[in-house]
Amino acid sequence: MDHVILAIESSCDETAAAVLVNGKIQSNVIATQTIHQKYGGVVPELASRAHQQNIVPVVAQSLEDAKVRKGDLTALAFTQGPGLLGSLLVGASFAKAMALALNVPLVAVHHMQAHILAHFIDEPHPTFPFLCLTVSGGHTQIVLVRSHLGMEIIGQTQDDAVGEAFDKTAKMLGLPYPGGPLIDKYAQEGNPKAFTFPGVDMPGLDFSFSGIKTAFLYFLRDHTAANPSFVQENMADICASVQHTLVNILLKKLHKAAAETGIREIAIAGGVSANRGLREALARMGGQQGWQVYIPEFGYCTDNAAMIAMAAYYKALAGQYSDQTVTPMPRMEW
Ligand code: KG4
Ligand code: ZN
């Protein structure tokens, strides 16, 4: 049977739609909401309104790009969670209405699992079992991936996500939201060893990033008291040092996970996997350790619907469809 899937992603501040035909992505459209920049973070109420405005044109564009007619669709996929309730509701309601009108089934997708399955959009892809460091604005996890749908979290943050740590330190530096990509940009010119920030060593494979946030706050307070233009004069070195600290914490645990499991197929996924410091350091560590390393294309790191379509494809192959009673789950478990 052919699988022609329209997938919708609306968990946070990107409205996205993609079309997949038999495992191959045919279109991938994203409308990024810029309205949040001036507020220094995503405003949930504004995000759901913007999804309402964007969803019809984004879906129409994805069908047009893929040269697929509505009547050809065999399933409607959407992000069920985790994410912002008001944002998820727009995608879920749209998918449900369209599935009802076309009389096709729904596929409800877990956003973080989809980030991992983005690795199967293009070749080469990891072979099972592999480890995936999944790093985004809301999550920091080490996932043991045994099959497309068989995933186990073996380590995770006990407080903030690493993307949040990037964004919050950027905010303290006066940079606009989302700050992660800007820290990355300034870090290119800076010395990663200029400043050091103490990280909390968590037991096992877990992470903690809230301590660094506080340490960074005091660091800025003390330095700007001594020199009011400290940040302006040292932006590149500060960003490089923060990034170096965060990347080291991530890679130390990934190294430990690889040693404990004996797995040498190593992937990264999620928004923070776009970070150049992380990508370069992982490639280096992979070379030293004899790992096969998988780093997604930039476009598949941050939120997109191609990854939702890919995850939906594997769920459809396994017969994991949902009916019209399915609802969004902001705190969706695995
Ligand atoms: O996966 P994603 O697009 O959305 C969530 O599922 O959360 O991840 C967004 C996060 C934000 O915290 C953003 O600052 C971070 O990914 N991010 C980066 C970079 N690009 C995106 N962090 C560091 N360096 C980057 N280049
Ligand atoms: Zn995401």
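1. Two strands count as paired if DSSP finds at least two bridges between them. Keep that in mind for this predicted model, where Ile5 stands opposite Ala75 in β4. Strand β1 (residues 4-9) and strand β4 (residues 75-81) run parallel, and 4 bridges join β1 to β4.

2. Now step back to the whole sheet. It's an open one with 5 strands, in the order β3-β2-β1-β4-β5, and its pairing is mixed. The edges are β3 and β5 (106-110), each of which pairs on one side only. From one strand to the next, the twist averages 20 degrees.

3. Follow the chain from β1 into β2 and you'll pass through a hairpin, with 4 residues making the link. These two strands run antiparallel, joined by 6 bridges. If you want one pair to click on, try Ile8, whose bridge partner in β2 is Ala17.

4. Next comes the step from β2 to strand β3 (residues 24-32), again antiparallel, with 8 bridges. Here Leu20 has Ile25 in β3 as its bridge partner. The hairpin of β2 and β3 has 2 residues between the strands, and Asn22 in that hairpin takes a positive phi near 45 degrees.

5. Why is strand β2 (residues 14-21) described as largely enclosed by the rest of the structure? Buried means under 20% relative accessible area. In β2, 7 of the 8 residues are buried, so the strand is largely enclosed.

6. What packs on the sheet? Helix α1 (residues 44-66) lies across β1, β2 and β3, and runs at about 25 degrees to β2. Helix α9 (residues 306-317) also packs on the sheet and touches β1, β2, β3, β4 and β5; its direction makes about 130 degrees with that of β1.

7. A bit of background before the backbone oddities: most residues other than glycine have a negative phi, and most peptide bonds are trans. Lys67 goes the other way, with a positive phi near 55 degrees. You'll find Lys67 in the loop between α1 and β4. Exposed means over 50% relative accessible area, so Lys67 counts as exposed at 74%.

8. Asn103 is another residue with a positive phi, near 55 degrees. Its place is the loop between α2 and β5, and Asn103 is exposed too, at 69% relative accessibility.

9. Where are the cis peptide bonds to look at? One joins Gly81 and Pro82, with omega about -10 degrees; Pro82 sits in the loop between β4 and α2 (85-102). Another runs from Tyr177 to Pro178, with omega near -10 degrees. Pro178 belongs to the loop between α4 (162-172) and α5 (180-187).

10. On to empty space. The structure holds 1 cavity of 30 Å³ or more, and the largest cavity has about 30 Å³ of space. Among the residues lining it are Gly40, Asp167, Lys171, Tyr177 and Pro178, so keep Tyr177 and Pro178 in view from the cis bond above. By class, this lining has 5 nonpolar, 2 polar and 2 charged residues.

11. How many residues line the second largest pocket? There are 16, and His244, Val247, Gly277, Ala281 and Arg284 lie nearest its centre. The volume of this pocket is about 290 Å³. Helices α7 (230-261) and α8 (276-289) each supply at least two residues of the lining. Sorted by class, the lining has 7 nonpolar, 7 polar and 2 charged residues.

Technical notes: Residues are numbered from 1 along each chain as its sequence is written. Chains are lettered from A and ligands numbered from 1 in the order in which they are written. This is a predicted model: local features need pLDDT of at least 70, side-chain atom pairs count only at pLDDT 80 or more; totals for chains, interfaces and linings use all residues. Side-chain values use heavy atoms; hydrogens and water are left out. On a 1 Å grid over the protein atoms alone, a cavity is a set of points where a 1.4 Å probe fits but cannot get out, and a pocket is an open set with protein on both sides within 12 Å along at least five of seven lines; lining residues have an atom within 4 Å of a point. Grid points are joined across faces, edges and corners, and a volume is the space filled by probe spheres set on the points. Ala, Val, Leu, Ile, Met, Phe, Trp, Tyr, Cys and Pro count as nonpolar, Asp, Glu, Lys and Arg as charged, and the others, Gly among them, as polar. Buried means under 20% relative accessible area, exposed over 50%, partly exposed in between (1.4 Å probe, protein chains only). Axes are lines fitted to C-alpha atoms, for helices over the stretch in contact, and angles run from 0 to 180 degrees between N-to-C directions. Contact means heavy atoms within 4.5 Å.
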